[in-house]
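I opened this entry to look up enclosed space first and strand pairing afterwards. The notes follow in the order in which I made the look-ups.

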Amino acid sequence: MKQYDVIIIGAGAAGLMCAAQASKRGRKVLILDKSNKAGKKILISGGGRCNFTNLYIEPEAFIANNPHFCKSALSRYTQWDFIALLESHQLSWTEKTLGQLFCDQKSNAVVDVLLSECADVDITLNTDVNKIEFEGRYLVSTNHGDFQAESLVVATGGPSIPKMGATDFGLQIAKQFGHKSIAFKPALVPFTFSQQDIGRYFKDLSGLSLEVNISCNDQSFKEMALITHRGISGPAVLQISSYWCKGDPIEIDLLPGIDAVELLLSAQQSRGTTNLKNILNEHFSKRLAHRLAQVLMPVDLSEKALGDINQSDLKSFAQILNNWVLTPSGTEGMRVAEVCTGGVDTNALSSKTMQSNKQSGLYFIGETVDVTGWLGGYNFQWAWSSAWAAGQAV
């Protein structure tokens with residue numbers, strides 16, 4: 001039976017980072033992963049360019065039942081620390097919208113950096129963990145034999161994108177050792193709508209995008225939204241989906257920063273002979289402008305001149321443009337969700353080391369923990385930060 005100081009289950013962002021940190025401290029480290037390649041989710045992230053962090057990391061950008069838990073790790077290993085790591089390997093980066101940083105040398109290069117940092121780490125792939133026992137040390141039984149260590153780090157991620165082999169295995173380990181968990185729920189995921197709503201609002205508009213301000217449960221995001229053949233997607237929608245629960249309505253401001261009542265009443269006075277849809281054409285694509293004028297009121301206003309529309313009807317229509325309330329029927333689910341909310345309950349973990357308060361030598365890091373970031377590099381930063389914290393302690 002092979003002996004190690006630390007066994008890490010999961011060769012993703014968090015697992016590799018933790019292994020690198022622990023090995024630098026002279027620890028003998030083994031990573032086990034059932035995949036045939038390390039860092040698989042890193043490789044597909046950001047369209048293959050890896051949105052590895054964000055310039056504006058702050059605790060408020062993370063969702064958790066304990067919103068304070070993430071603060072310690074995020075403050076001790078910051079976005080600047082990970083940027084410095086990449087730059088020390090001669091990698092460069094480009095900032096896109098809202099502080100999102102992408103690797104110029106693409107995702108493969110980020111994985112190569114982590115593997116280089118793990119030069120003294122044993123990594124065993126295509127490995128199924130069959131059983132974990134604790135008798136003073138952790139005994140991990142696999143299809144490649146049995147391994148033993150004094151510390152066990154669970155870095156198995158969440159169950160989003162199951163075609164890549166993602167599961168809730170981390171929560172199963174947590175349960176075995178008496179930990180509570182918050183059930184995983186798809187996050188950063190497109191909304192779907194009923195066939196009736198699709199037919200009425202979105203039919204034949206698939207592929208159209210526009211900037212919106214979208215709100216739900218006291219949270220809002222101003223970014224692009226994209227109409228799909230099953231509902232709506234795009235950055236604004238993915239962001240708000242993390243705060244949405246089934247049955248919740250969402251509110252969409254189709255003209256963020258513009259008072260639609262003021263816009264249309266002013267146009268009614270100065271351009272009364274102009275059709276409503278022609279005014280809307282100045283702010284939306286022609287197809288969307290026509291559809292909005294057709295369906296957002298009980299009567300079709302699309303062919304009506306502004307001067308012929310009752311002022312109260314025009315105000316009602318304008319108010320809907322700034323606050324269109326829709327209720328999604330669901331989401332596209334784990335199949336396409338970028339991450340999950342939920343995970344191991346942080347009340348039984350140390351925010352400084354990520355170690356269990358119930359079970360000595362047991363650590364949970366990354367997405368396995370009940371901390372979920374916004375779209376745009378926040379979840380990678382949580383992986384780096386939580387892994388670094390555990391790597392100093394194991």
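Which residues lie nearest the centre of the largest cavity? Working on a predicted model, I listed the lining of that cavity and found 15 residues, of which Phe-202, Leu-210, Ile-227, Leu-254 and Trp-324 lie nearest its centre.

I then checked how many such spaces there are, and noted that the structure holds 1 cavity of 30 Å³ or more, while the volume of the largest cavity comes to about 130 Å³.

Next I traced the lining back to secondary structure: helix H7 (195-202), strand S13 (209-216), strand S14 (219-227) and helix H11 (286-295) each supply at least two residues, and the largest share, 4 residues, comes from H11.

On the chemical character of this lining, I recorded 14 nonpolar residues, no polar ones and 1 charged residue.

I turned after that to a sheet, where 3 strands lie in the order S3-S6-S5, forming an open sheet with antiparallel pairing. Strand S3 (51-54) and strand S5 (93-95) stand at the edges with a single partner strand each, so one side of each is left without a neighbour in the sheet. For the twist I noted an average of 30 degrees from one strand to the next.

Last, I looked at one pairing in detail: S5 and strand S6 (residues 100-103) run antiparallel to each other and are joined over 3 bridges. Which residue in S6 is the bridge partner of Glu-95? I entered Leu-101 as that partner.

Note on methods. Residues are numbered from 1 along each chain as its sequence is written. This is a predicted model: local features need pLDDT of at least 70, side-chain atom pairs count only at pLDDT 80 or more; totals for chains, interfaces and linings use all residues. Side-chain values use heavy atoms; hydrogens and water are left out. On a 1 Å grid over the protein atoms alone, a cavity is a set of points where a 1.4 Å probe fits but cannot get out, and a pocket is an open set with protein on both sides within 12 Å along at least five of seven lines; lining residues have an atom within 4 Å of a point. Grid points are joined across faces, edges and corners, and a volume is the space filled by probe spheres set on the points. Ala, Val, Leu, Ile, Met, Phe, Trp, Tyr, Cys and Pro count as nonpolar, Asp, Glu, Lys and Arg as charged, and the others, Gly among them, as polar. Two strands pair if DSSP finds at least two bridges between them. Axes are lines fitted to C-alpha atoms, for helices over the stretch in contact, and angles run from 0 to 180 degrees between N-to-C directions.
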